[in-house]
Amino acid sequence: MLRVAVPNKGSLSEAAAAMLAEAGYRQRRDNRELVMVDPDNDVEFFFLRPRDIAVYVGQGTLDVGITGRDLLLDAQVDAVEMLELGFAASTFRFAGPVGDFQSVEQLAGKRLATSYDGLLRDYLANLGIDAKVVRLDGAVESSVRLGVADAIADVVETGNTLKAAGMEIFGEPILKSQAVLIGRPGENNPAAEVLIRRLQGVLVARQYVLVDYDIRKDLVEEAAALTPGLESPTVSPLRDSDWVAVRSMVLKKSTNQVMDELYDLGARAILVSSIHACRI
């Protein structure tokens, strides 16, 4: 049975549960459940703190898990990314009092507050910057005002919280993070491969739609250039031998633009359908 770690709360939790449900896995109905078995798929889910998931997977206690890239790197365990999941995007950056810092090099000899001390120490070491890292579990933005640190390194979304604390972002991003599926390096687990294929299917289904349309035969090549699909479009004959029916996968965000271009080319009966599941 595949043992999967899933975030039990926070920004990762709901999105992870929704993705697993779309992939055909049973999910808990009560948020107080810590363990749930899905016998139909031969999977056991363990609902854990997002920060602890990399530790359990890295130690081999659990087979795979869903967590943030930032949390994986911060844990410094023997686990690797297996698949990007496309949600919970965030950026890890430096910030300090307005006007105090213009570059990362100015952090040498300074105190840096963060909730990601492992990740930050590795980053500073790679740059050859000697600074003191102060680990905090939360409210990192207040550390400078309270005299605990000179600057901070934290996850930044809008930057509004930093502005309210009288700080500004400086330097290049330390890390761009998102939710990832993680596992142990070098392990060949057929059940995990099934999970990966299902999740990949969800990602594709979320990004693409199916577009069907009729087009004159002499315009097929031009139409196919607009809707190339993943490999090539499906072209089927119609009763009128001068026309064909075409079906292709199109990026959802480009749907209306592609429909307009097809119509201008001469396509008619242009229909768009959602993709609920797929295997690529």
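This report walks through the domains, the two open sheets, one buried residue and one helix of a predicted model.

## Domains and annotations

The chain is divided into three domains. Domain 1 is made of two stretches, 2-88 and 179-205. Domain 2 covers 90-171, and domain 3 covers 207-274. Taken over C-alpha atoms, the centres of domain 1 and domain 3 are separated by 37 Å.

An unreviewed UniProt entry adds two features. It places "domain: ATP phosphoribosyltransferase catalytic" at residues 49-200. The end C-alpha atoms of that span lie 24 Å apart. Helix makes up 28% of residues 49-200, and strand 32%. The record also places "domain: Histidine biosynthesis HisG C-terminal" at residues 205-276. Here the end C-alpha atoms lie 6 Å apart. Residues 205-276 are 29% helix and 40% strand.

## The six-stranded sheet

One open sheet holds six strands in the order β2-β3-β1-β4-β11-β5. The pairing is mixed. Strands β2 (35-38) and β5 (80-84) each have a single partner strand, so one side of each is left without a neighbour in the sheet. From one strand to the next, the twist averages 30°.

Start at the β2 edge. Strand β2 runs antiparallel to β3 (residues 43-48), and four bridges join the two. Within this part of the sheet, aspartate 38 stands opposite valine 43 in β3.

Now move to β1. Five of the six residues of β1 are buried, so the strand is mostly covered. Six bridges tie β1 to β3, and these two strands run parallel. Alanine 5 has phenylalanine 46 of β3 as its bridge partner. Strand β1 also runs parallel to β4, with two bridges between them. Valine 4 stands opposite valine 64 in β4.

Helices pack here too. Helix α2 (residues 50-58) touches β1 (2-7), β3, β4 (64-68) and β11 (179-183). The direction of α2 makes about 145° with that of β4. Helix α6 (residues 190-207) lies across β1, β4, β5 and β11. Its direction runs at about 35° to β5.

## A buried residue in β4

Is isoleucine 66 buried or exposed? Isoleucine 66 is found in strand β4. Its relative accessibility is 2%, and buried means under 20%, so isoleucine 66 counts as buried.

Which residues does isoleucine 66 touch, leaving out those up to four places away in sequence? They are Ala5, Pro7, Ala16, Leu20, Ile53, Leu85, Phe87, Val180 and Leu181. One of them, Ala5, is the residue whose bridge partner in β3 is phenylalanine 46. Asparagine 41 is 25 residues away from isoleucine 66 along the chain, and their C-alpha atoms are separated by 18 Å.

## The five-stranded sheet

A second open sheet has five strands, ordered β8-β7-β9-β6-β10, again with mixed pairing. At its edges stand β8 (132-135) and β10 (167-177), which each pair on one side only. Direction ignored, neighbouring strands are turned by 25° against each other on average.

Inside this sheet, strand β7 (residues 111-114) runs parallel to strand β9 (residues 151-156). Three bridges join them. Alanine 113 has isoleucine 152 of β9 as its bridge partner. Helix α4 (residues 117-127) packs on the sheet and touches β6 (90-97), β7, β8, β9 and β10. The direction of α4 makes about 95° with that of β10.

The table gathers the strand pairs described in both sheets.

| Strand pair | Bridges | Direction |
|---|---|---|
| β2 and β3 | four bridges | antiparallel |
| β1 and β3 | six bridges | parallel |
| β1 and β4 | two bridges | parallel |
| β7 and β9 | three bridges | parallel |

## Helix α8 and its two faces

Helix α8 spans residues 255-265. Its residues Thr255, Val258 and Leu262 are buried. They cover an arc of only 70° around the axis, which puts them on the same side of α8.

What covers these buried residues? The cover includes β12 (208-216), α7 (220-226), β14 (243-251) and β15 (268-274). The face turned away from the buried side carries the exposed residues Asn256, Gln257, Asp260 and Asp264. Just after α8 comes glycine 266, with a positive phi of about 125°.

Definitions and conventions: Residues numbered from 1 in each chain as written. Predicted model: local features only at pLDDT ≥ 70, side-chain atom pairs only at ≥ 80, totals over all residues. Heavy atoms only, no water. UniProt positions renumbered as here; feature names shortened; annotations may be inferred. Pairing = 2+ DSSP bridges. Axes fitted to C-alpha atoms, helices over the stretch in contact; angles between N-to-C directions. Contact = heavy atoms within 4.5 Å. Domains from an automatic or database assignment. Buried < 20%, exposed > 50% of the residue type's maximum accessible area, 1.4 Å probe, protein only. Arc of directions from axis to C-beta.
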